[in-house]
Number of protein chains: 2
Amino acid sequence: MEKYLAVLKEHHFKITPRRKAVLELFLREKRYLGPYEIKQMLGKASLEVGLPSIYRILEELEGSGILVKIEHSSRRLYYCLCRKPYVSHHHFICSKCNKVEEVEFCNFPEISSFIEKKLNARVQHHSLHIEGLCSECRWENSP
Amino acid sequence: MEKYLAVLKEHHFKITPRRKAVLELFLREKRYLGPYEIKQMLGKASLEVGLPSIYRILEELEGSGILVKIEHSSRRLYYCLCRKPYVSHHHFICSKCNKVEEVEFCNFPEISSFIEKKLNARVQHHSLHIEGLCSECRWENSP
DNA sequence: TTATAAATAGAAATCATTTCTATTTACATT
DNA sequence: AATGTAAATAGAAATGATTTCTATTTATAA
């Protein structure tokens, strides 16, 4: 927690109860969360936070490298905690329980140099979405 | 064109002027297109098509493997023609001119087996978004 | 303690996308 | 070529996630 608060300070954000509460939520939950879901969870803990605030806080936390935005097929916004910032890696998403796990492996340079040679292009960004069933869910029967 | 019409027939879709017009548009343009943009382009060619129809046609063409949905950071819907269906590959998107090019290379099995071993998970889907400047745009000065 | 820039709530707006329904059309079968 | 029918379509309206706006409150540096 302290680590993430320090990151926020570095980015000149004030440490407010809402930001802390959102951070705590992500530290507790291993799965990705959406704005409205977050509002409800905070509400249960008696902290009313307006949706616009939540959207803004999520953006700020993402901009600080603390959260990662999930490109979900439903096209709604989701975020998850990034436990290894500054290290090139990807995230594996369980399509059943929404758990997100770090994948400390990235073979992107290979495909990147292929593109630069073959298409004579300049690669700037990439994002990989990997989905499946996590170690727990893969053995469960369908709902 | 005939090739794509045959695919539509296989999927039991009727060959209508709207579907043909949308297909023609994508055959002519090498870049990704959005629903409203498509409506305007068809309108200029004196074919008025309702937006709901365009959304539906795009979905149908995607479902038939003719178009590919682009996961754009703006979170709006975009589609581009997939010139190599049935072959595992990716698409490179030029962030300046929106051109989409096929990348006949996929090293996903490597990262996939890494995940299956390390996380003991079952990988189901993946999608890779690769963005940069194409061979033409990389030499141009910023707008 | 105070000043002030940042953070927030809540209402309202935005706008891409979807739904609904009446009408039209492609095309298989005569 | 004519016809019947399911599929396709337009247009209006609804939806709903996300964003904007503004007045108020708050964290924190001085």
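Start with the meeting of chains A and B: 100% of the interface residues of chain B are also interface residues in chain A, so the copies meet through the same surface. What you have open is a predicted model, where local features need pLDDT of at least 70, side-chain atom pairs count only at pLDDT 80 or more, and totals for chains, interfaces and linings use all residues. Residues are numbered from 1 along each chain as its sequence is written, while chains are lettered from A and ligands numbered from 1 in the order in which they are written.

**Stop 1: the two chains together**

Show chains A and B. You can lay chain B on chain A with an RMSD of 0.1 Å, using a turn of 180 degrees and a shift of 0.0 Å along the axis. That is the relation of a two-fold axis. The superposition is by least squares on the C-alpha atoms of residues with pLDDT of at least 70 in both copies. Now pick L128(B): of the residues of chain B, its C-alpha comes closest to the rotation axis, at 2.2 Å.

**Stop 2: where the chains touch**

Color the contacts between the chains (two residues are in contact if their C-beta atoms, placed from the backbone, lie within 7 Å). You'll light up 30 residues of chain B against 30 residues of chain A. On the chain B side, β4 (100-103), α5 (108-118) and β5 (122-133) each supply at least two residues. Helices (H or I, at least four residues) and strands (E, at least two) are DSSP runs, numbered from the N terminus. Which element gives the most to this side of chain B? β5(B) does, with 12 residues. By class, this side of chain B has 13 nonpolar, 10 polar and 7 charged residues. (Ala, Val, Leu, Ile, Met, Phe, Trp, Tyr, Cys and Pro count as nonpolar, Asp, Glu, Lys and Arg as charged, and the others, Gly among them, as polar.)

Next, select both β5 strands. β5(A) and β5(B) pair in the antiparallel sense over 11 bridges; strands count as paired if DSSP finds at least two bridges between them. For one example, click S127(A), whose bridge partner in β5(B) is H129(B).

**Stop 3: strand β3 of chain A**

Select residues 90-94 of chain A, which are strand β3. Buried or exposed, how do its residues come out? 5 of the 5 are buried, meaning that 20 or more other C-beta atoms lie within 10 Å of a residue's own, with C-beta atoms placed from the backbone (12 or fewer is exposed, in between is partly exposed). In a regular strand the side chains alternate between the two faces of the sheet. Here H90(A), F92(A) and C94(A) are on one side, H91(A) and I93(A) on the other, and both faces are covered.

Add the neighbors. β3(A) runs parallel to β5(A), joined by 4 bridges, and F92(A) has I130(A) as its bridge partner there. With β4(A), residues 100-103, β3(A) pairs in the antiparallel sense over 4 bridges; I93(A) partners V100(A). The two strands form a hairpin with 5 residues between them, and N98(A) in the turn has a positive phi of about 65 degrees.

**Stop 4: C134 of chain A**

Step past the end of β5 in chain A to C134(A). C134(A) is buried, with 22 other C-beta atoms within 10 Å. C134(A) touches residues of both chains, including C94(A), C97(A), L119(B) and A121(B). From C134(A) to N98(A) it's 36 residues in sequence, but 9.1 Å in space, C-alpha to C-alpha.

**Stop 5: a second hairpin**

Go to β1(A), residues 67-71, and β2(A), residues 77-81, which run antiparallel with 5 bridges. V68(A) has C80(A) as its bridge partner. This hairpin has 5 residues between the strands, and R75(A) takes a positive phi near 65 degrees.

**Stop 6: the DNA**

Finish by showing DNA strand D. 21 residues surround it, the closest being P52(A), L77(A), T16(B), R18(B) and S53(B). (Near means that a residue's C-beta atom, placed from the backbone, lies within 6 Å.) Elements that each supply at least two residues are α4 (51-63) of chain A together with α2 (17-28) and α4 (51-63) of chain B. DNA strand C also has 21 residues around it, and T16(A), R18(A), S53(A), P52(B) and L77(B) are the closest.

Notes:
Lists of a residue's contacts leave out its neighbours within four places in sequence.
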